[in-house]
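Trainee: Please show me the sequence and the structure before we talk about them.

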Amino acid sequence: MNWADFFAMNGYAFYVWGSYGMALFVFMIEIILVRHKRKVTLQQLRMMRDAGESQ
Amino acid sequence: MTIHWFKYAAPTTFYGLAGKLIPFFAWPSAILFVAGIYFGFFVAPTDAVQSEAYRIMFIHVPVSILSMFIYLIMAGYAALGLIFKTRLSSMMASALAPTGAIFAFIALWSGALWGKPMWGAWWVWDARLTSELILLFLYLGFIALQASIDDPRRADRAGALLAIVGSVNVPIIYFSVKWWNTLHQGSTIKFSDTSMHVAMKQALFLMMAACWLYTIAITLVRVRSIILERERNTQWVSELEEVRS
């Protein structure tokens, strides 16, 4: 079996890679979003603290 | 002041514990995904009927099962929060919803891409497919409802009611292939089943385990942000290393 045959998936390449590709894409987006959310939450907490100290 | 410490004891300790646990779920999940893909594409043989298209199963079946399980766990946490007013339970329910919605979406997407070559249609209004679509809408409804209510405790209560009522849909999805004549095939995983090749079972098992660990890791990261947001006015949050620095 060579790689070209492997990626061709016997004619089902679009369906097979379309499924796994979308899953990978969505998981990556989710991972980026939860990490971004944590960063933003911590930033807001620091801003709140700084605002509280200056009063 | 001591009363406050008792009041927030659960989220306080859980925040630190969750942070320590995340890598122990995230890294094994990544390794199991790689192993599952390897078994699914290089070890499992070509299917006699569906040729290579059946390999969609290794992502479709785990995410579909998990989308149902996560809903029940989410509804369970929401119910605990509603009955016992345990705030961490409600936060866990909120943290699980987006991942459940994502799994339901991938289940529908990979199902459409599997349905087209096998049935000749991307979508049919069949019991299995329709009830899974309703599951996705229930997740989105839960998220939207909670986001639309400013007071977190009221948002928890409203969301919990929706989650509990919606959980009736999960057995409908599960048994839909038995109750109605449907285009969708029966359950892939049966306890007495011997028809599936052993490598196919191994690949499915690996992908299933990977999805479980992924769910736990991503939920723990998300719940930590929710805890910080909801406890932002407490002393313990302001004393955290990551907030002080």
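What follows is a set of questions and answers on the contacts between and within the chains.

Mentor: This is a predicted model, in which local features need pLDDT of at least 70 and side-chain atom pairs count only at pLDDT 80 or more, while totals for chains, interfaces and linings use all residues. Residues are numbered from 1 along each chain as its sequence is written, chains are lettered from A and ligands numbered from 1 in the order in which they are written, and side-chain values use heavy atoms, with hydrogens and water left out.

Trainee: How many residues of chain B are in contact with chain A?

Mentor: Contact means heavy atoms within 4.5 Å. Chain B and chain A bury about 3100 Å² between them, 73% of it on carbon and sulfur atoms; buried area is the accessible area (1.4 Å probe) that two parts lose on being put together, summed over both. On the chain A side 28 residues take part, and on the chain B side the number is 42.

Trainee: Which helix gives the largest share of the side of chain B that touches chain A?

Mentor: Across the interface the rule finds 14 residue pairs in polar contact, both residues at pLDDT 80 or more; a polar contact is a pair of N or O atoms within 3.5 Å, where within protein one must be able to donate a hydrogen and the other to accept it, and residues adjacent in sequence count only if both atoms are side-chain atoms. The elements of chain B that give two or more residues to this side are helix 2 (9-43), helix 3 (57-84), helix 4 (87-119), helix 8 (198-230) and helix 10 (241-244), helices being DSSP runs of H or I with at least four residues, numbered from the N terminus. The largest share, 12 residues, comes from helix 4 of chain B.

Trainee: Why does the salt bridge of A:Glu30 and B:Arg222 join two chains?

Mentor: A salt bridge is a side-chain nitrogen of Lys or Arg within 4 Å of a carboxyl oxygen of Asp or Glu, and this pair meets at 2.8 Å, N to O. Buried means under 20% relative accessible area, exposed over 50%, partly exposed in between (1.4 Å probe, protein chains only); A:Glu30 is buried at 3% and B:Arg222 is buried at 13%. The pair joins two chains because A:Glu30 lies in helix 2 (residues 13-54) of chain A and B:Arg222 in helix 8 of chain B.

Trainee: What is the residue that forms a salt bridge with B:Glu242?

Mentor: Across the interface of chain B and chain A the rule finds three salt bridges. In this one the closest N and O atoms are 3.2 Å apart. The partner, buried at 18% relative accessibility, is A:Arg38.

Trainee: Is B:Arg87 buried or partly exposed?

Mentor: B:Arg87 forms a salt bridge with B:Glu231, the closest N and O atoms being 2.6 Å apart. The pair links distant parts of the chain, 144 residues apart, with B:Glu231 in the loop between helix 8 and helix 9 of chain B and B:Arg87 in helix 4. B:Glu231 counts as buried at 0% relative accessibility, whereas B:Arg87, at 30%, counts as partly exposed.

Trainee: Which residue of chain A does B:Phe103 touch?

Mentor: B:Phe103 is among the five residues that touch the most other members of the largest nonpolar core, which has 80 residues; such a core is a set of buried Ala, Val, Leu, Ile, Met, Phe, Trp, Tyr and Cys residues joined through side-chain atoms within 4.5 Å. Not counting residues up to four places away in sequence, B:Phe103 touches residues including B:Val63, B:Leu66 and B:Tyr214, and, from chain A, A:Phe27.
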